[in-house]
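Take a minute to turn the model around on your screen before you read on. Then let's walk through some of its residues together.

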Amino acid sequence: MAEVLVLVDAVDGKVKKPTLELLTAARQLGEPAAVVVGAPGTAAAVKDQLAEHGAAKVYVAESDEIAGYSVAPKAEALATVAQQASPSAVLVSSTAENKEIAARLALKLESGLLYDAVGVDGDGQATQQIFGAAITVTSKVRKGTPVITVRPNSFAPEPASGAAEQVNVDVTLSDGARAAKIVDTVVEEKGSRPQLSDASVVVSGGRGVGNADNFAVIEKLADSLGAAVGASRAVVDAGWVPHTMQVGQTGVTVSPQLYIAVGISGAIQHRAGMQTSKTIVAINKDPEAPIFELADFGVVGDLFQVAPQLTDEIAKRRG
Ligand SMILES: Cc1cc2nc3c(=O)[nH]c(=O)nc-3n(C[C@H](O)[C@H](O)[C@H](O)COP(=O)(O)OP(=O)(O)OC[C@H]3O[C@@H](n4cnc5c(N)ncnc54)[C@H](O)[C@@H]3O)c2cc1C
């Protein structure tokens, strides 16, 4: 069976959930083989997790230099593995960095590239949703090894046992790959909430929240569910929350299992960033709000009445 390469995203020795989703998706296309690109020791920390999610092989491209550069060395190392393994496809999760890696990889392999797939089938066809998810497209790469970026939360990660046979790959960086070096890294301070782009539950607040202080209502509801917190652009423009929390056409695209829109009207630009969520719940006092056209479940009511009651009920049920 042909191998399907999956680029591994890991932080502090923990494989990120989108990578586990890709290992599950890869099983539809062939035999999953994980590719770890990073500083020495990266693979040792994550190998068992990859084995538990079906990786038959783990290609290890480690070098002290890789961590000191931006995307170019990673694309080069991944291309080396792809040339060695002749896979039937290469899957990477759709982050900004990975999309750049995927583009560079496709160029190096002279292959077709598909962005932001939300589904991949056994024939190598990818499903994409475009124009604010108004249109679903099915595409297939016709030249070279398909390189496909897949949106987080498009697949549920399923454990499966894999041999995780380690294959070490020599990494010799070209001068081109060393052209841009990272000179400083500042880690953004994060709370305990999951990251918006790959969270499985997102609670977003809109202008209906009224002001920055009231946004705590949204945060409390999110925390009761272990969810990430998002916002509409109106809230960001008002300066109540940072732009990193904006969901929509000019913000983050999310595709969680559950999206709760609170006090959000459902403008097309907001929908563009959340329309592919599996289940959408809307809380809005206006029964005519467009968000209800999209919602699987809707509550017509004042968010200051509904959201705290919902938070309490969830807390009660979770014990
Ligand atoms: C080029 C461009 C790009 C854009 N990109 C984005 C984007 O990325 N993301 C984005 O979100 N928007 C984006 N917008 C803006 C978008 O068009 C809307 O203006 C914005 O989404 C509206 O935000 P909102 O739903 O929070 O506010 P509103 O449209 O003002 O809706 C507020 C809602 O809250 C409800 N409400 C009020 N009080 C309560 C209450 N007490 N209880 C319950 N409900 C209540 C109201 O009924 C209303 O439906 C973009 C616009 C443009 C032109």
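Here, a residue is called buried when its relative accessible area is under 20%, exposed when that value is over 50%, and partly exposed in between. Keep in mind that the model you are looking at is predicted.

**A patch on the surface**

Let's try out those words on Ile135. With a relative accessible area of 40%, Ile135 falls between the two cut-offs, so Ile135 counts as partly exposed. You'll find Ile135 in strand β9, which covers residues 135-139. Ile135 also has company: together with Ile130 and Phe131, Ile135 makes up a nonpolar patch on the surface. The accessible area of Ile130, Phe131 and Ile135 together is about 300 Å².

**Salt bridges**

How many salt bridges does the structure hold? There are twelve. Here are three of them, with the N to O distance for each pair.

| Salt bridge | Distance (N to O) |
|---|---|
| Lys74 and Glu97 | 2.7 Å |
| Glu100 and Arg104 | 3.2 Å |
| Arg151 and Asp116 | 4.0 Å |

Start with the side chains of Lys74 and Glu97, which meet in a salt bridge. That pair ties together distant parts of the chain: Lys74 sits in helix α3 (residues 71-85), while Glu97 sits in helix α4 (residues 96-109), and their positions lie 23 residues apart in the count. Glu97 has a relative accessible area of 38%, so Glu97 is partly exposed.

Now look at Glu100 and Arg104. Both of these residues belong to helix α4, and they are four residues apart, about one turn of the helix. Are they buried, partly exposed or exposed? Glu100 comes out as partly exposed, at 36% relative accessibility. Arg104 is partly exposed too, with a relative accessible area of 35%.

The side chains of Arg151 and Asp116 also meet in a salt bridge. This pair links distant parts of the chain, with Arg151 in the loop between β10 and β11 and Asp116 in strand β7, 35 residues apart. Arg151 and Asp116 are both buried. And there is a third member to add: salt bridges that share partners join Lys99, Asp116 and Arg151 into one network.

**Two residues with a positive phi**

Asp116 deserves a second look. Its place is in strand β7, residues 113-120, and its phi is near 55°, a positive value in a residue other than glycine. Why does Asp116 count as buried? Its relative accessible area is 18%, which is under the 20% cut-off, so Asp116 is buried.

Asn153 is another residue other than glycine with a positive phi, here near 70°. Asn153 lies in the loop between β10 (147-150) and β11 (165-168). Asn153 is buried as well, because its relative accessible area is 1%.

**Along the chain and through space**

Position in the sequence and position in space can be set side by side. Val8 is in the loop between β1 (3-7) and β2 (10-11), and Val8 is buried, with a relative accessible area of 9%. Along the sequence, Val8 and Val92 are 84 residues apart, yet their C-alpha atoms are 7.8 Å apart in space.

Next, go to the loop between α6 and β14, where you can find Gln257. Gln257 is partly exposed, at 37% relative accessibility. Gln257 and Ile280 are 23 residues apart in sequence, and the C-alpha to C-alpha distance is 8.5 Å.

Gln249 is in the loop between α6 and β14 (258-262). At 56% relative accessibility, Gln249 is exposed. Gln249 and Val58 are 191 residues apart along the chain, with their C-alpha atoms separated by 36 Å.

**The second largest pocket**

Finally, have a look at the second largest pocket, which holds about 470 Å³ of space. Which elements give two or more residues to its lining? They are α6 (233-237), α7 (268-271) and β15 (279-284). The lining has 26 residues, and those nearest the pocket's centre are Arg207, Ser232, Gly263, Ile264 and Ser265. By type, the lining residues divide into seven nonpolar, 14 polar and five charged.

Note on methods. Residues numbered from 1 in each chain as written. Predicted model: local features only at pLDDT ≥ 70, side-chain atom pairs only at ≥ 80, totals over all residues. Heavy atoms only, no water. Patch = residues over 30% accessible without salt bridge, like charges linked within 9 Å, V, L, I, M, F, W, Y side chains within 5 Å. Areas by Shrake-Rupley, 256 points an atom, 1.4 Å probe, with all protein chains shown as cover. Buried < 20%, exposed > 50% of the residue type's maximum accessible area, 1.4 Å probe, protein only. 1 Å grid on protein atoms, 1.4 Å probe; cavity = no way out; pocket = protein on both sides within 12 Å on 5 of 7 lines; lining within 4 Å. Points joined across faces, edges and corners; volume = space filled by probe spheres on them. Nonpolar A, V, L, I, M, F, W, Y, C, P; charged D, E, K, R; others polar.
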